[in-house]
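Here are some notes for a colleague who is meeting this structure for the first time. They are best read with the model open alongside.

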Amino acid sequence: MRSCRSAFAAIALFSGVLNVLMLSSSIYMLEIYDRVLPSRSVPTLIGLSLLVAILYAGQAVLDFVRGRILVRIGTALDEALGARVYASVLKLPLKLGRGGDNMQPVRDLDSVRTFMSGSGPTALFDLPWLPLYLAIIFMFHVLLGLTALVGAIVLVLLTVYAERLTRKPVTSGTQTGIVRNGLTLAGNRNAEVIAALGMGGRMAAKWEEANRDYLAEQRSVSDIAGGFGAVSKMLRMLLQSAMLGVGAWLVIEQQATAGIIITASILSGRALAPVDLVIANWKWFLTARQGWQRLNRMLAAMPADARPMARPMPARHV
């Protein structure tokens with residue numbers, strides 16, 4: 001990971017620029033409602049539309065480049081560790097015997113690479129920019145800012161609670177998966193012996209029991225993640241409606257304009273979008289994190305072999 005620091009710095013920079021560019025839609029709506037419609041100025045409308053189209057194009061390019069960098073970080077990580085992981089897999093039967101799933105380190109590396117190449121890291125890089133959106137909403141009106149802040153706090157607490165609830169099932173699911181895969185590999189390696197001794201039915205029953213445990217853990221994780229995802233989506237919709245309601249009250253009291261209502265609602269939704277994405281990808285984040293921890297422990301326990309001492313080439317022929 002240390003060798004990818006410059007790439008991560010570039011992603012952080014792109015994320016910052018992207019989050020600033022994402023303000024363009026909110027500012028566009030504010031200008032439309034508060035400047036273009038009252039003045040009925042078509043040239044202003046055309047100019048704003050062209051400007052926001054250019055900003056959208058720049059946003060798309062940066063988002064595309066950020067995604068490509070993440071994919072290449074995952075590939076670089078795999079290339080850096082792949083050989084050592086494979087060498088460790090070859091040593092595992094010598095240290096731990098042939099029981100268990102000795103291919104789990106390869107799966108762990110795959111899970112880390114897959115997570116790094118997906119949308120999960122982008123949400124983690126976008127999450128620190130949530131205060132920027134909240135600060136802008138506070139600039140519109142304190143009540144709007146407080147409404148958005150309460151919604152953000154609730155969603156962040158929901159994310160923390162989801163992490164606590166899913167941590168144990170994800171760990172248990174991985175362990176039961178290792179047992180299940182170990183039985184599969186053992187049955188495959190010893191197929192002739194199992195057939196000769198008539199143990200096929202017993203092995204199948206043992207595998208089915210391990211598979212039931214694995215499916216139960218996976219179902220538990222999916223239920224928790226799905227439940228929190230539904231609650232998060234509901235809270236986001238509720239927050240946007242609350243922003244519209246508070247904004248409408250402020251307009252009635254002549255403390256805000258119609259443009260501020262729409263803009264604040266869009267900003268609140270954009271501010272909490274990374275939280276929603278983090279909750280949606282939390283299962284895969286935990287899987288990748290635990291896989292990375294297992295890889296670190298395994299590689300620390302099995303250091304790379306020392307290179308053989310180089311010998312000079314013979315100077316003469318016999």
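**Notes on a long helix and its surroundings**

1. The buried residues of helix H9 are Ala210, Asn211, Val221, Ile224, Phe228, Ser232, Leu239, Met243, Gly247 and Leu250, and what covers them includes H6, H7, helix H10 (258-280) and helix H11 (282-301). Please keep in mind that this is a predicted model.

2. Helix H9 itself runs over residues 200-252, and its 53 residues reach 76 Å from the first C-alpha to the last, which is close to the 78 Å expected at 1.5 Å a residue. After H9 comes glutamine 254, whose phi is positive, near 60 degrees.

3. Among the helices that cover H9, H6 (residues 130-140) and H7 (residues 142-189) have axes that come within 6 Å and cross at roughly 150 degrees; since angles over 145 count as roughly antiparallel, H6 and H7 are therefore roughly antiparallel to each other. In their contact, Leu130, Leu134, Ile137, Phe138 and Phe140 of H6 meet residues of H7 including Val142, Leu144, Leu146 and Leu149, and the residues of this contact divide into eleven nonpolar, one polar and no charged.

4. The largest nonpolar core has 27 residues, of which Leu130, Leu144 and Met243 touch the most other members. The elements giving two or more residues to this core are helix H2 (23-39), H6, H7, H9 and H10, with the largest share, seven residues, coming from H10.

5. Methionine 243 deserves a separate look: leaving aside neighbours within four places in sequence, this residue is in contact with Ile137, Leu144, Thr147, Ala148, Ala264, Ser265 and Ser268.

Notes. Residues are numbered from 1 along each chain as its sequence is written. This is a predicted model: local features need pLDDT of at least 70, side-chain atom pairs count only at pLDDT 80 or more; totals for chains, interfaces and linings use all residues. Side-chain values use heavy atoms; hydrogens and water are left out. Axes are lines fitted to C-alpha atoms, for helices over the stretch in contact, and angles run from 0 to 180 degrees between N-to-C directions. Helices (H or I, at least four residues) and strands (E, at least two) are DSSP runs, numbered from the N terminus. Angles under 35 degrees count as roughly parallel, over 145 as roughly antiparallel, 65 to 115 as roughly perpendicular and the rest as oblique. Contact means heavy atoms within 4.5 Å. Ala, Val, Leu, Ile, Met, Phe, Trp, Tyr, Cys and Pro count as nonpolar, Asp, Glu, Lys and Arg as charged, and the others, Gly among them, as polar. The expected span of a helix is 1.5 Å times one less than its number of residues. Buried means under 20% relative accessible area, exposed over 50%, partly exposed in between (1.4 Å probe, protein chains only). A nonpolar core is a set of buried Ala, Val, Leu, Ile, Met, Phe, Trp, Tyr and Cys residues joined through side-chain atoms within 4.5 Å.
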